[in-house]
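The exercises below are meant to be worked with the sequence and the coordinates side by side. Try each task before reading its solution.

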Amino acid sequence: MASGQTPLPKVKRKPPIDKTEWDGFFDENGLLAKSRDLICVNILERGLHPYVRTEAWKFLTGYYSWQSSQDERLMVDSTRRKNYEALCEMYKKIQPLLENLHRNFMETRNTITYDIQKLYDKDPLGNVIIDKKRLEKILLLSYVCNTQAEYQQGFHEMVMLFQLMAEHDHETFWLFQFFLQKTEHSCVIKIGVGKNLDMLNTLINFLDPVFAEHLRGKGAGAVQSLFPWFCLCFQRAFKSFDDVWRLWEVLLTGKPCRNFQVLVAYSMLQMVREQVLQESMTSDGILLACNNLIDLDADVLISAACLVYAELIQKDVPQPLKDFFL
């Protein structure tokens with residue numbers, strides 16, 4: 001932890017949901033035997049074991065319906081694979097047209113290529129863990145197929161995490177598409193990031209007037225500069241991929257409330273609050289302090305954000321915050 005940061009209190013988490021427990025959520029036909037709400041609360045409180053994460057995420061993102069049977073899910077997976085292959089074929093046919101007629105396509109493709117080349121593709125032992133060519137193909141296909149969530153820097157890191165989680169390219173592609181749909185109001189610049197920053201400001205004004213006053217004065221503009229937190233779904237703040245997945249799966253549950261990502265951002269700001277006030281930091285100093293929030297523990301941060309939510313529901317919340325969170 002960087003000097004000047006206020007540490008969040010440690011938390012003790014129960015063991016994550018393992019394969020045996022996950023399988024117990026379904027009957028012999030693969031139909032859900034427990035309530036979806038119960039499962040999501042357990043994911044919030046305990047997380048998922050790596051062995052069940054990929055399957056669980058297919059439910060959390062909407063890749064699978066919670067009401068589906070095992071046979072239906074096999075059909076869905078087959079359909080998603082065929083649809084992905086059809087999209088790949090379509091892309092091959094229109095690629096020359098895109099290259100010749102669409103300047104934006106060429107610029108975006110160059111950006112994607114550049115971003116991917118910067119990715120470190122080896123584990124601590126030097127083993128290659130990602131396939132950059134496959135990654136580039138999935139990102140280009142996503143860009144061509146997705147008119148609303150255009151490619152933005154950071155998507156390459158997101159897709160890399162899905163490639164590490166999923167076995168097949170069609171799973172990586174569709175999980176990323178569904179994840180974007182679920183989180184577009186928090187992580188897509190043209191859709192939801194601005195709203196998140198506005199509500200973060202509103203939240204600070206309501207819960208921490210002293211800090212809010214400083215952020216309106218010497219620290220003016222600092223909160224609006226925190227857009228990478230939302231665009232990247234906080235992934236650069238954590239010490240491991242497991243921590244990133246841990247937070248993302250909580251965001252996908254919708255628990256304990258809607259737009260939980262703003263409470264996460266508020267909790268992170270609280271970590272630098274004392275330093276900011278003591279040193280009377282300007283916006284540049286605040287941004288630097290926030291950028292130094294790295295190697296965080298997801299469970300600790302989730303717990304802190306849950307405490308903020310608990311504080312919020314005890315108060316007479318103004319209507320904009322009530323509409324956004326409650």
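**Exercise 1. The chain as a whole**

What percentage of the 326 residues in the protein chain do buried residues make up? Describe also the secondary structure and the overall dimensions of the chain.

Solution. The model is a predicted one, and in it buried residues account for 50% of the 326 residues of the protein chain. The secondary structure comes to 16 helices and zero strands. For the dimensions, begin with the radius of gyration: a compact globule of 326 residues would have a value near 20 Å, and the 21 Å of the protein chain therefore agrees with that expectation. Along the principal axes, the C-alpha atoms fill a box of roughly 60 × 55 × 45 Å. Finally, if one takes the contacts between residues at least 6 apart in sequence, 74% of them join residues at least 24 apart.

**Exercise 2. Helix α13**

Work out how the span of α13 relates to the expected one, and establish where the helix bends and how far it is enclosed.

Solution. Helix α13 covers residues 260–278, and its 19 residues reach 28 Å from the first C-alpha to the last, close to the 27 Å expected at 1.5 Å a residue. The next step is to follow the axis, which shows a kink of about 45° centred on valine 272. Burial comes last: 15 of the 19 residues of α13 are buried, so the helix is largely enclosed by the rest of the structure. After α13 comes serine 280, with a positive phi near 45°.

**Exercise 3. Aromatic pairs around phenylalanine 59**

Trace the ring pairs that phenylalanine 59 forms with phenylalanine 26 and with tryptophan 66, and place them in their wider cluster.

Solution. A pair of aromatic rings is described by the distance of the centres and the angle of the planes. With ring centres required to lie within 6.5 Å, the count comes to 25 aromatic pairs. In one of these, phenylalanine 26 and phenylalanine 59 are 5.4 Å apart centre to centre with 40° between the planes, a tilted arrangement. Phenylalanine 26 lies in the loop between α1 (19–23) and α2 (36–46), whereas phenylalanine 59 belongs to helix α3 (residues 50–61), so the pair ties together parts that are 33 residues apart in sequence. Phenylalanine 59 also forms a tilted pair with tryptophan 66, at 5.2 Å centre to centre and 45° between the planes. Relative accessibility is 1% for phenylalanine 59, which therefore counts as buried, and tryptophan 66 is likewise buried, with a relative accessible area of 5%.

To widen the view, ring pairs link a cluster whose members include Phe26, Phe59, Tyr63, Tyr64 and Trp66. Two of the tyrosines named here also meet an arginine: the charged end of arginine 73 sits over the ring of tyrosine 64, 6.0 Å from its centre, and arginine 80 lies over the face of tyrosine 63, at 5.1 Å from the ring centre.

**Exercise 4. Methionine 90 and helix α2**

Is methionine 90 buried, partly exposed or exposed, and against which helices do the buried residues of α2 pack?

Solution. Methionine 90, found in helix α4 (residues 70–101), has a relative accessible area of 33% and is therefore partly exposed. Leaving aside neighbours within four places in sequence, methionine 90 is in contact with Val144 and Cys145. Turning to α2, its buried residues are Ile39, Cys40, Asn42, Ile43, Leu44 and Arg46, and they pack against α1, α3, α12 (241–253) and α15 (298–313). Glycine 47 follows α2 and has a positive phi near 85°.

Key. Residues are numbered from 1 along each chain as its sequence is written. This is a predicted model: local features need pLDDT of at least 70, side-chain atom pairs count only at pLDDT 80 or more; totals for chains, interfaces and linings use all residues. Side-chain values use heavy atoms; hydrogens and water are left out. Helices (H or I, at least four residues) and strands (E, at least two) are DSSP runs, numbered from the N terminus. The expected span of a helix is 1.5 Å times one less than its number of residues. The bend at a residue is the angle between axes fitted to the seven residues ending there and the seven starting there. Buried means under 20% relative accessible area, exposed over 50%, partly exposed in between (1.4 Å probe, protein chains only). Rings of Phe, Tyr and Trp (its six-membered ring) pair if their centres lie within 6.5 Å; planes under 30 degrees apart count as stacked, over 60 as edge-to-face and the rest as tilted. A charge sits over a ring if NZ of Lys or CZ of Arg is within 6 Å of the ring centre and within 35 degrees of the ring normal. The radius of gyration is taken over C-alpha atoms; the globule rule is 2.2 Å times the number of residues to the power 0.38. Contact means heavy atoms within 4.5 Å.
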